[in-house]
Amino acid sequence: MSFIDLIYPKRCPVCLEALPPGKTLICPPCKEKIRRVTSPTCMKCGKPLMEESFEYCGNCEKRMPLFVKGLSYAEYTSKYVRRMLSEVKYHENPQILDYPCLDFGDRIRDEVALWGAEALIPVPVHPSKLKSRGYNQAEEIASRLGKALSLPVDPGYLFRSEKTEAQKNLTEQERRNNLATAFFVPSSHKTYESVILVDDIYTTGSTANACTRVLLASGISRIYLLTLAIGRDNRLTL
Ligand SMILES: [Zn+2]
Ligand SMILES: [Zn+2]
């Protein structure tokens with residue numbers, strides 16, 4: 001048992017209780033409480049669908065994303081998943097990402113290997129948020145997924161400009177306009193052939209799409225996407 005374990009015990013990502021010192025990253029019964037994404041899912045973004053007969057979710061059908069394919073770990077509609085991510089975002093507790101990232105990595109390893117990606121690129125946060133929070137949750141996820149998938153993480157490729165407004169108070173069109181100029185790649189950077197963009201949550205895909213556009217423009221041919229949580233597509237055939 002290390003001194004650090006005593007002062008800062010690891011916490012379970014589901015119940016948030018302190019775990020016994022050692023290698024345990026989640027209480028065994030809590031493993032079942034994570035609502036992992038299962039098929040059928042959108043062939044493009046990986047969003048869970050209500051019916052097998054749909055190929056794509058409503059969002060992708062309306063506006064097909066520019067990335068090649070996305071995969072996500074768990075459903076954002078699950079209260080445990082929502083609480084886990086808000087804990088990471090607002091309570092400075094990124095350690096609870098250890099288990100979900102390891103588990104996600106194990107489940108997607110074979111498929112991701114086919115993508116031939118050279119690096120994971122986290123979606124950057126607004127510089128003021130980085131200052132107040134001290135870390136970027138997407139980078140915390142990327143570094144853990146990088147370990148699980150044996151891929152390097154490149155947090156120095158894609159940046160977010162100082163000037164963008166908070167997305168919360170904007171309409172969908174305003175969000176897209178706002179995002180269109182939010183991200184940039186410094187021109188001096190060596191480019192890649194294939195990368196994986198990493199974010200915490202996928203909803204309408206507007207952030208992932210804005211990042212993908214900038215990555216494509218920087219010369220990368222194929223961009224994939226991994227997110228820890230994703231919304232659900234609720235359409236049904238009538
Ligand atoms: Zn637990
Ligand atoms: Zn989709």
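**View 1. Separation and contact of the two domains.** In this predicted model, the C-alpha centres of domain 1 and domain 2 lie 26 Å apart, the domain assignment placing residues 1-32 in domain 1 and residues 34-230 in domain 2. Where the two domains meet, 8 residues of domain 1 are in contact with 11 residues of domain 2. The side of domain 1 that touches domain 2 is made up of 5 nonpolar and 3 charged residues, with no polar ones.

**View 2. The largest nonpolar core.** This core has 59 residues, and those with the most contacts inside it are Ile 196, Leu 197, Val 198, Cys 211 and Ala 229. Among the elements that each supply at least two residues are strand S5 (194-202), helix H9 (206-217) and strand S6 (222-230), and S6 gives the most, with 7 residues. Both domain 1 and domain 2 contribute at least three residues each to this core.

**View 3. Surroundings of Leu 197.** Leaving aside residues up to four places away in sequence, Leu 197 touches Phe 67, Ile 121, Val 123, Ala 208, Cys 211, Thr 212, Leu 215, Ile 223 and Leu 225.

**View 4. The four-stranded sheet and its helices.** The strands of this open sheet follow the order S1-S6-S5-S2 with parallel pairing, and S1 and S2 are the edge strands, each pairing on one side only. Neighbouring strands are turned by 20° against each other on average, direction ignored. S1 and S6 pair over 5 bridges, and Glu 75 has Ile 230 in S6 as its bridge partner. Helix H5 lies across S1, S5 and S6, running at about 160° to S1, whereas H7 packs on the sheet by touching S2, S5 and S6, with its direction at about 125° to that of S5.

Technical notes:
Residues are numbered from 1 along each chain as its sequence is written. Chains are lettered from A and ligands numbered from 1 in the order in which they are written. This is a predicted model: local features need pLDDT of at least 70, side-chain atom pairs count only at pLDDT 80 or more; totals for chains, interfaces and linings use all residues. Domain bounds come from an automatic or database domain assignment. Two residues are in contact if their C-beta atoms, placed from the backbone, lie within 7 Å. Ala, Val, Leu, Ile, Met, Phe, Trp, Tyr, Cys and Pro count as nonpolar, Asp, Glu, Lys and Arg as charged, and the others, Gly among them, as polar. A nonpolar core is a set of buried Ala, Val, Leu, Ile, Met, Phe, Trp, Tyr and Cys residues joined through C-beta atoms within 7 Å. A residue is buried if 20 or more other C-beta atoms lie within 10 Å of its own, exposed if 12 or fewer, and partly exposed in between; C-beta atoms are placed from the backbone. Two strands pair if DSSP finds at least two bridges between them. Axes are lines fitted to C-alpha atoms, for helices over the stretch in contact, and angles run from 0 to 180 degrees between N-to-C directions.
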